[in-house]
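Colleague: I am new to this one. Please pick a part and take me through it closely.

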Amino acid sequence: MSVVIPVYNVAPYLEECLCSVQSQSYDNLEVIMINDGSTDGSEQILERFEKSDSRFRVFHQENRGLGYTRNRGILLSKGQYVFFLDGDDVLPKDAIQNLLSSVETYHADYAVGKVLRFHDERKYVPIRHLEFNLYNRKQVTTIEESPELLQDSIACNKLWKKDFLMQHDISFIEGKYYEDLFFTMRAAVLARKIAITNKAVYYWRVRTGERNRSITQEQMKLENTLHRLSALKQNRQWLMENHVSAKVMEQHDLKCLIDVLRLHVVKFALVDERERGEWQENVLSFLQEIPKGVVRQLAPKEKMLYDLVMNHRFDDLEKISKVYMNIESAPIVAQEGQRFFVHGQTQIYDITGDIKPVMTVEEVQKQGKDVIFSGELVVPKASKRIDGYVYVANREGHEEIHLGAIECIPKSHNGVYPYERQAFRWVCGIGDIAKLKVNGIYDFYYCIEGDKRIHRPSRVRLQSTADHPFSVRCGLKIALFYRTKYGNLSLKFSNGIGIKGAIKRFSLFLKS
């Protein structure tokens, strides 16, 4: 079993990555670390792991890019299976074991599992994987039975049978961006069996700060966009030549639309003005190739972006792009009551459905007969007071129960939109908590007042630095407020074992 790790200037994250491989519950591994011309000290970290663990081997090369490096890793590998890991990401402890069990149980060509994005404060499932309900249950399938698997073009959450890759000459495109796209699409179509585990097998790091901004700017270079379009065209041509079914072709066309609109068109404001003419021409030409029937499957936001390009409304697109990229220097969004609009040259765009509030609890305190929650509420693009509420929902029954009132005060350092960031204080009566049913787990949500079809509720988060689990006695019951593995606020009851006993038992519950 071979783990291939391309490494290029990821020194701040590399040790955590390699330690996660070293501590895998399945330990019969060879770890192929390829230093792709790093200049930041990554080389020394790799050599240290090679010296301390005989399973780790390091290879050095001039910078050749991710496609070449992964292909070299396949050729160097001696294992029956190959797994790709990027040097700034992390593996859950049982990742390899879960994938190996799946692929061997079903005699599949590869196995795939759940991905979680992560940063210092939370983990979450990638939005595309949620939208297409990927990896929620164990199964064995094919691309014909599950064409939605084409929406996942990541190479790193999959365990590949090496013989399968070699038999079909499946390799990464070299010297271009998006080398994963052709590799994963061909493999999905050619696989006789695809094994799925519903366990998390890959933690994909979210870069923040300056590094994230530089990645975004890189994505919006004309060369980068052209590479994406070229890779998707190549995939589309290959699918047509291999006469795949209509539903597989349609799913890939939908993926093409979402990729281009969500990852490139939405960032139009960042495109260099000198490159915009060629960018517009190429993107427009590509979108025109996609059948109109597929376009009707787009979500409202992507449909709006599609219409803006197809109707040559690039001035309006620039405005909306600035809004979604959070780079406006003056207000562009107009708040009217509880709704949000962008006024274009000839049309008004309702973006209310894309406004997702984020409530983060930073402190929990008991004061008399109340529990006081305080922290920060972010309502993107809010220029006026906006009303909202907190409720809890039982995971089993899904009943919604409102708990207490919220007081909000705008923060003085707000910039373009004065009510975007607010300090909140939320008072929840212990008597109200006691009325909740003992059974089940309760999750906390924040929602803007109004039609829920427009204002989508969002989970209340609990900051990692807050004390948790926080316990409150409610008569004979003990309420435990805690931070989930995804960084959200939840509540569970415990009976008759005392506060210390409840916390001890609950700590075990969180680890299970």
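Modeller: Start with the cover over helix α1. β1 (2-7), β2 (30-36), α2 (42-52) and β3 (56-61) are among the elements that cover the buried residues of α1. Covering rests on contact, meaning heavy atoms within 4.5 Å. Buried means under 20% relative accessible area, exposed over 50%, and partly exposed in between (1.4 Å probe, protein chains only). Helices (H or I, at least four residues) and strands (E, at least two) are DSSP runs, numbered from the N terminus.

This is a predicted model: local features need pLDDT of at least 70, side-chain atom pairs count only at pLDDT 80 or more, and totals for chains, interfaces and linings use all residues. Residues are numbered from 1 along each chain as its sequence is written, and side-chain values use heavy atoms, with hydrogens and water left out.

Now α1 itself. The buried residues are Ala11, Leu14, Cys17, Leu18, Ser20 and Val21. They lie on the same side of α1, because they cover an arc of only 155° around the axis. That arc is taken from the directions from the helix axis to the C-beta atoms. An α-helix has 3.6 residues a turn, so residues three or four places apart point the same way. The length of α1 (residues 11-22) agrees too: at 1.5 Å a residue its twelve residues should span 16 Å, and its end C-alpha atoms are 17 Å apart. The expected span is 1.5 Å times one less than the number of residues.

Next, a sheet further along. It is open, with three strands in the order β10-β11-β12 and antiparallel pairing. Two strands pair if DSSP finds at least two bridges between them. β10 (333-336) and β12 (348-350) are the edge strands, each pairing on one side only. Neighbouring strands are turned by 35° against each other on average, direction ignored. Axes here are lines fitted to C-alpha atoms, for helices over the stretch in contact; angles run from 0 to 180 degrees between N-to-C directions.

Four bridges link β10 and β11 in the antiparallel sense. One pairs glutamate 336 with arginine 339 in β11. The two strands form a hairpin with two residues between them, and glycine 337 in the turn has a positive phi of about 65°. Side chains alternate along β10: Val333 and Gln335 point to one face and are buried, while Ala334 and Glu336 point to the other and are not.

β11 (residues 339-343) also joins β12, through three bridges. Histidine 343 stands opposite isoleucine 348 in β12.
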